[in-house]
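Reader: I would like to go through this model one question at a time. Please keep the answers short and give the reasoning behind each.

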Amino acid sequence: MQLLTRLRARAAAVCAAALIAAAAAIAAPEPAFAVGGSATDWMNQGKFGVGMHYLAEGCPPGCSTGSYVTGEWPSAADWNNRVNSFDVPGLVQQLQSVGAKWFQISVGQISGYWASPNSVYEGLVPPTPEHPSRLAQRELIRDIGLALQGTGIKLMVYVPATAPRYDSYATVGLGGDPKGTDGEGGTYKPEFQANWVDVVSHWSQQWGNLVSGWWIDGGWLGHTTYFDNMISAARTGNAQSVVALNPGLNKWGPNSPNADFTAGEIDSDEWPQTTARFDTSLGTKAQKTYFAVAQTYWGNPPDAPMATSGDLMAWRTLGVTNAGGAITWDVGYDRANGHISASAMASLRAVGEAVGNIPAAGIRSEESASTITYSGSWGTSSGSQYSGGAARVSSSPGGSATFRFTGPSVKWIGARSEASGKADVSVDGQFVATVDLASSPATGNDVVFSRQGLAQGSHTITVTPQSAAEVTIDGFEVGTSDVDDSNPLVTYTGSFGSYNPGGCFDNTCHNANASGSTATYRFNGSRISWHGITGPDQGVATVSIDGGPPTTVNLAAPTRSVNVPVYTSPELPLDSRRGEHTIKITTQNAGWVTVDRFVTTPLLGSIVDDAQSGITYTGSFSGYNPGGCYAGTCHNSNSAGSTATVSFTGKGVTWYGIKGSDQGQADVYIDGALDATVNLTAPSRTVLTPVYTKTGLPPGDHTFKVVTRSGAWVTLDALQVT
């Protein structure tokens with residue numbers, strides 16, 4: 001009691017002096033917009049990060065676990081042991097594997113436990129036998145910042161602007177009031193505000209350039225001058241760090257003209273519509289950024305249920321990033337080592353693949369592909385920054401680039417720079433987003449737009465420049481189709497049943513341990529991968545494609561791995577089913593066999609069928625169907641001098657026809673010049689077989705022409721353009 005009395009007396013005596021000193025030392029901050037581009041460009045280009053409510057109490061009031069529910073608070077020794085056991089290298093490895101571009105961690109919150117030492121705080125809240133220091137002895141924030149250097153992942157810190165009201169001793173020492181009328185520990189008191197600004201300033205200086213951003217909670221209380229001072233305090237150690245001030249849950253705009261990005265705290269299914277990169281409502285350019293829960297509630301333990309599926313997390317992320325925004329996903333973690341939970345990791349990988357931060361299975365079409373149609377003024381730019389060394393660039397509105405594809409998702413591969421402008425993107429004729437490409441440093445081979453969840457079949461994506469600034473087409477990428485084990489298109493027999501051991505794609509798997517059980521999936525594509533589990537308890541299965549000979553797959557391994565590719569088919573031939581195939585898995589013993597998902601690769605290039613109007617025939621060429629032709633039709637001729645001619649745009653072409661004892665010879669002309677004489681005679685008959693391939697053509701428009709040489713049959717079934 002005497003110590004508390006002395007603290008109150010000292011606080012009252014220095015109150016006026018502290019306020020004067022704070023006002024003199026910290027002027028109203030300037031927005032941290034860097035010369036040559038906004039200071040938030042790294043958030044715009046990075047797209048998403050991972051957040052962690054690293055709190056001694058478990059998670060904030062309102063969740064279903066932790067000290068607020070149990071009433072049991074950790075001892076100072078327990079807290080130090082937990083911080084000391086935080087596996088920083090392991091966390092960094094996890095962040096890299098999912099493609100996160102920043103990590104946001106709370107230094108503490110309202111309980112008065114902190115993940116970093118602070119001598120200013122210790123002077124205001126001196127430890128006693130009754131109240132040992134709740135400041136961690138380990139400098140965890142600094143350790144994380146040092147470990148992230150050179151990884152391309154930036155560090156952000158979450159700090160409250162309110163008093164640690166669940167620690168009455170600390171609240172009084174800091175100049176607050178545990179019974180304050182604001183319900184926030186007397187945050188309105190000038191002496192608390194001055195002291196807390198000093199504490200945050202000291203942390204900022206302690207961490208320096210290791211910290212690139214700050215997320216300040218409690219900004220809904222209306223203390224304008226105090227919040228401006230907090231923003232300045234956060235920048236003390238790194239003038240270029242970016243800062244957000246949280247106006248409250250599910251409030252999307254900035255509440256200070258000195259904030260660089262919006263806090264965007266979300267725990268609702270009613271997500272805002274993101275239509276532009278910046279919020280300009282306060283006369284400044286605040287990067288639109290959101291902070292969302294991945295696992296039920298903030299700071300949950302690792303076994304907490306996921307708030308949404310990985311697919312929905314990816315979809316919501318793209319709704320933000322396609323318009324230039326950014327998002328931080330808050331995850332559950334293991335108290336023993338600080339690792340992100342396995343279920344969250346699976347969903348974060350889906351996000352990283354969707355935005356293009358980590359590789360995803362897919363087919364890339366370069367800017368010169370025949371499936372891309374340009375209108376208006378598009379020049380060619382060359383450079384090592386581009387995929388394939390070249391890109392098409394428009395610097396005027398009115399034109400467009402349209403890509404035709406078949407697949408469940410598509411990515412526009414482009415470039416960003418200070419000289420870049422905006423472009424509208426439509427999918428299947430429907431407007432999706434305006435993409436703001438003005439950002440630095442300059443990039444190439446950059447996923448600037450991504451769309452998932454498309455129905456099976458053919459689609460188009462159209463990019464339309466909106467200004468005289470640069471818009472770049474480096475290419476497009478068509479994604480594979482991830483089919484989860486629970487999809488009704490996958491059929492099971494025998495003992496296959498659903499279960500979730502943790503880490504499965506979309507949190508579900510199917511497994512069986514009885515010989516003869518089967519899993520069958522019919523798909524469309526040129527290749528398929530089966531993802532499952534390997535480990536000591538896993539068994540043996542065979543895999544058959546289209547009823548062909550079985551391939552034996554041994555899933556036994558010394559250590560356990562979940563959601564890993566255990567079988568990948570060879571490239572599957574083009575056939576009369578237009579790329580439709582069947583995979584069948586059959587268990588062979590009593591060991592476990594697990595199906596997690598299937599990943600299919602779409603057909604490479606565009607297919608020109610013999611019946612399409614773009615092919616010009618002369619002579620005796622006519623349509624017929626001997627059985628087995630692509631799409632059920634072929635054209636053939638048995639008189640010399642008959643021709644089949646088609647124009648295409650690309651770098652190569654493959655002619656599919658028929659070989660057999662009744663087939664003859666034909667000359668092939670590329671761009672009007674004889675390229676080869678093809679002999680179609682063979683002892684046995686094969687239909688829909690590649691009879692001629694040309695690669696290495698310069699990107700652009702070309703012609704393919706077949707001229708029959710004799711009275712034997714010559715058949716054109718399809719052309720595959722690449």
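Author: One definition is needed before the strands are discussed: two strands pair if DSSP finds at least two bridges between them. The model is predicted.

Reader: How many bridges join strand S9 to S10, and in which sense do the two strands run, parallel or antiparallel?
Author: Strand S9 covers residues 289-293, and Thr289 stands opposite Ala326 in S10. Pairing takes at least two bridges. S9 and S10 are joined by 5 bridges, and they run parallel.

Reader: Which residue of S10 is the bridge partner of Val50?
Author: Strand S1, residues 48-52, pairs with S10 in the parallel sense over 4 bridges. Within S10, the bridge partner of Val50 is Trp329.

Reader: What unit do S9, helix H11 and S10 make?
Author: S9 and S10 run parallel. Helix H11 spans residues 310-321. Taken with this helix, the two strands make a right-handed β-α-β unit.

Reader: Why is S10 described as largely enclosed by the rest of the structure?
Author: In a regular strand, side chains alternate between the two faces of the sheet, so each face can be checked separately. In S10, Ala326, Thr328 and Asp330 are buried on one side, and Ile327 and Trp329 are buried on the other. S10 is largely enclosed because its buried residues number 5 of the 5.

Reader: How many residues of strand S28 are buried?
Author: The cut-off for buried is under 20% relative accessible area. Strand S28, residues 527-534, is largely enclosed by the rest of the structure, because its buried residues number 7 of the 8.

Reader: Which residue of S34 stands opposite Arg527?
Author: S28 pairs with strand S34, residues 597-601, in the antiparallel sense over 5 bridges. Opposite Arg527, in S34, stands Thr601.

Reader: And which residue of S31 stands opposite Trp530?
Author: S28 also pairs with strand S31, residues 561-568. That pairing is antiparallel and has 6 bridges. Opposite Trp530, in S31, stands Tyr567.

Reader: Is Phe192 buried or exposed?
Author: Phe192 lies in helix H9, residues 190-207. Leaving aside neighbours within four places in sequence, its contacts include Ala161, Leu174, Thr187 and Tyr226. Its relative accessibility is 0%, so Phe192 counts as buried.

Reader: What distance separates the C-alpha atoms of Phe192 and Ala512?
Author: Along the chain, Phe192 and Ala512 are 320 residues apart. In space, their C-alpha atoms are separated by 62 Å.

Reader: What is the relative accessible area of Glu184?
Author: Glu184 is placed in the loop between helix H8 and H9. Not counting residues up to four places away in sequence, it touches Thr162, Ala163, Arg165, Trp220 and Leu221. Glu184 is buried, and its relative accessible area is 12%.

Reader: Which peptide bond is cis, with omega near 5°?
Author: Pro441 has its place in the loop between strand S18 and strand S19. The cis bond, with omega near 5°, runs from Ser440 to Pro441.

Reader: Is Lys47 buried or exposed?
Author: Lys47 lies in the loop between helix H2 and S1. Its phi is near 75°, a positive value in a residue other than glycine. With a relative accessible area of 4%, Lys47 is buried.

Reader: What does Asp671 count as at 42% relative accessibility?
Author: Asp671 is found in the loop between strand S41 and strand S42, and its phi is near 55°, a positive value. Buried means under 20% and exposed over 50%. At 42%, Asp671 therefore counts as partly exposed.

Reader: What share of the residues in the protein chain is buried?
Author: The protein chain has 12 helices and 46 strands, and its C-alpha trace spans about 115 × 65 × 35 Å along the principal axes. Of its 722 residues, the buried share is 56%.

Reader: How far apart do the centres of the positive and negative side chains lie?
Author: The protein chain has 41 positive and 57 negative side chains. The centres of these two sets lie apart by 2 Å.

Terms used: Residues are numbered from 1 along each chain as its sequence is written. This is a predicted model: local features need pLDDT of at least 70, side-chain atom pairs count only at pLDDT 80 or more; totals for chains, interfaces and linings use all residues. Side-chain values use heavy atoms; hydrogens and water are left out. Buried means under 20% relative accessible area, exposed over 50%, partly exposed in between (1.4 Å probe, protein chains only). A crossover is right-handed if, with the strands pointing away from the viewer, the path from the first strand over the helix to the second runs clockwise. Lys and Arg count as positive and Asp and Glu as negative; His and the chain ends are not counted. The place of a charge is taken as NZ of Lys, CZ of Arg, CG of Asp or CD of Glu. Contact means heavy atoms within 4.5 Å.
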